[in-house]
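Q: Please take a close look at one part of this structure, the surroundings of the ligand. Which residues are around the ligand, and where does the ligand sit?

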Amino acid sequence: MNKKMVSLLTVSAMAISMMPLSVFAEEDLITVGYAQVGAESDWRTANTESFKSTFTEENGYKLIFDDAQQKQENQIKAIRSFIQQEVDYIVVAPVVETGWETVLQEAADAGIPVILSDRMMDLADDSLYTCWVGGNFTLEGETCGDWLAKYLEDNGRGEEEINIVTIQGTIGASAQIGRTEGFGNKLAEHENWKMLDMQSGEFTQAKGQEVMESFLKSYDDIDVVICENDNEAFGAIDAIKAAGKTCGPDGDIIVVSFDAVKAAFDSMIAGDLNATFECNPLHGPRVAEIIQKLEAGEEVEKIQYVDEAFFDTTMDLEAIQAERAY
Ligand code: AHR
């Protein structure tokens, strides 16, 4: 064997040994198309990773992943392309709740089951999707309101006039609708709480910062900012500091948010963020379990809520953070 052949064989052997060993033949793989919202937040990154690490060839799947860049028209295009490719299942995390009937009817006509994950769709005919799995956004908003009431009470501010602003998520997304509604339910119980303003930060850090900058210019007496996700809070905190104000448990402005990603723990440990209300992004294994049940001809529950907690600066945050997967 000449030198060239030996090195070619060595390279090939190395490449083969580095290839993941799949016990599934190509034709036995279950093909799943995932129409993802985008990459707007740490939460979304964790959610994407959960799907990519679950729906692998070693686990018996072929994943076709599409990032819609927060645009519904891109998600609709992705779903149509999944139908054309004759996938076995379509999974959608819908960017907004409305406007899905036509494309879901096309999936139904093609006989492809649609599983909703994370956010919901508002459909006249619920038979257009098989099931949904995600967080209870309204409950998250209510938990946030209850936490704020107790926090103010514990700090001797229960009767004080409290001025609140909200940086909302993407308008029309379940996470925005539910959190706004849930906190609103608690707001209605407190006559001394005043909602000064609500504007969308589109679930991003950059927009969260921009919206907070404009709130700080318009109102000089903000006591609380509700951020409908952690990344908006990171932007809001930057804006508060840039305006010469302070935030967190020892600051001028109370900052709360949703998701409970790792960076939110860093922010609480740094004394900037007061509390975060969990929204669990690890839906990959949950969707895989649903698909396995469907493959086995079993019934699945139509609506599947995930349990969620909250975290604030009174807790042992370092210890909790070390145990968390995202
Ligand atoms: O739908 C879940 C929400 O979407 C998360 O709270 C947010 O971070 C993401 O963009």
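A: What follows describes the ligand and its surroundings. This is a predicted model, in which local features need pLDDT of at least 70 and side-chain atom pairs count only at pLDDT 80 or more, while totals for chains, interfaces and linings use all residues. Residues are numbered from 1 along each chain as its sequence is written, and side-chain values use heavy atoms, with hydrogens and water left out.

The shell around the ligand (residues with a heavy atom within 4 Å of it) consists of Glu40, Ser41, Trp43, Arg44, Asp118, Arg119, Ala175, Arg179, Phe203, Asn229 and Asp259. By class, six of these are charged (Asp, Glu, Lys or Arg), three are nonpolar and two are polar. Helix H2 (42-54) and helix H6 (174-187) each supply at least two shell residues, helices being DSSP runs of H or I with at least four residues. Because domain 1 (9-135 + 281-295) and domain 2 (137-279 + 311-323) both give residues to the shell, the ligand lies between them; these bounds come from an automatic or database domain assignment.

Among the polar contacts (pairs of N or O atoms within 3.5 Å), a ligand oxygen is 2.7 Å from a side-chain N or O atom of aspartate 118, and the corresponding distances are 2.8 Å for arginine 179 and 2.9 Å for asparagine 229. Taken alone, the ligand exposes 290 Å², of which the protein buries 100%, by the Shrake-Rupley method with a 1.4 Å probe.

Key:
Polar contact = N/O pair within 3.5 Å; in protein donor to acceptor, adjacent residues only side chain to side chain.
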